[in-house]
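Open the model in your viewer and keep the sequence panel visible. The tour goes from a pocket to a core and then to charged pairs.

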Amino acid sequence: MKKSGDAVLSRLNEKEIDFSFSANDNSVRVIVQHMAGNLLSRWTDFLTSDGEKSWRNRDAEFEAQALAKAELVEKWEEGWKTLFSALENLTEKDVLREVTIRNEKLTVMQAIFRQISHYAYHTGQLVLIAKHIRGEEWQSLTIPKGKSAEAAGKGTYLSKP
């Protein structure tokens with residue numbers, strides 16, 4: 001999911017990341033802000049504190065912040081780094097431990113699955129918006145239509161932009 005999001009961010013310019021289908025829809029910028037905030041909140045002190053941190057301002061994540069694209073990408077990277085660090089430090093014994101997200105008790109595995117589906121949901125939104133912006137110029141992140149036979153056995157997921 002991170003690779004797909006990275007590809008979207010690399011393919012859109014400063015203006016394009018602010019496109020939304022309507023006033024009620026989120027732009028790439030807003031979705032990335034939200035994902036970064038969620039990643040930081042959920043994965044900071046993952047095993048020892050509620051995943052919804054008191055310092056998080058979730059509502060502000062859904063307002064376009066005046067950040068340069070490079071700053072937005074830094075927030076994105078910081079969030080993913082926090083996730084990967086938390087996962088790397090898990091032990092086999094941790095998998096069945098309980099953690100809390102918004103006062104709800106979950107096993108570590110349940111919390112991971114919860115977050116994977118949340119990030120997949122938003123990553124799909126990012127790709128859809130980017131595909132719309134690029135139109136015919138869009139290059140598939142996976143196997144393009146009609147190219148399955150060509151791709152067989154290559155083992156690549158993300159195509160190069």
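A pocket here is found on a 1 Å grid over the protein atoms alone: it is an open set of points where a 1.4 Å probe fits, with protein on both sides within 12 Å along at least five of seven lines, and its lining residues have an atom within 4 Å of a point. Grid points are joined across faces, edges and corners, and the volume is the space filled by probe spheres set on the points.

This is a predicted model, in which local features need pLDDT of at least 70 and side-chain atom pairs count only at pLDDT 80 or more, while totals for chains, interfaces and linings use all residues. Residues are numbered from 1 along each chain as its sequence is written, and side-chain values use heavy atoms, without hydrogens or water.

**Stop 1: the pocket.** Select K131, W138, S140, P144 and K145, the residues nearest the centre of the largest pocket, out of 11 that line it. The space inside is about 250 Å³. Its lining has 6 nonpolar, 3 polar and 2 charged residues, where Ala, Val, Leu, Ile, Met, Phe, Trp, Tyr, Cys and Pro count as nonpolar, Asp, Glu, Lys and Arg as charged, and the others, Gly among them, as polar.

**Stop 2: the core.** Next select V8, V28, W43 and L126, which have the most contacts inside the largest nonpolar core, a set of 31 residues. Such a core joins buried Ala, Val, Leu, Ile, Met, Phe, Trp, Tyr and Cys residues through side-chain atoms within 4.5 Å; buried means under 20% relative accessible area, exposed over 50%, and partly exposed in between (1.4 Å probe, protein chains only). Helix α5 (108-134) is among the elements giving two or more residues, and α5 gives the largest share, 8 residues. Helices are DSSP runs (H or I, at least four residues), numbered from the N terminus. Around L126, display G5, V8, V28, I31, V32, M35 and W76, which L126 touches, leaving aside residues up to four places away in sequence; contact means heavy atoms within 4.5 Å.

**Stop 3: salt bridges.** A salt bridge puts a side-chain nitrogen of Lys or Arg within 4 Å of a carboxyl oxygen of Asp or Glu. The whole structure has 12. Select E77 and K2, paired at 3.0 Å, N to O. E77 lies in helix α4 (residues 69-88) and K2 in helix α1 (residues 2-11), 75 residues apart. K2 is buried at 16%, whereas E77 is partly exposed at 34%.

Finish at R56, buried at 9%. R56 bridges E61 at 2.7 Å and E52 at 3.1 Å. Salt bridges link R42, E52, R56, E61 and R102 in a network.
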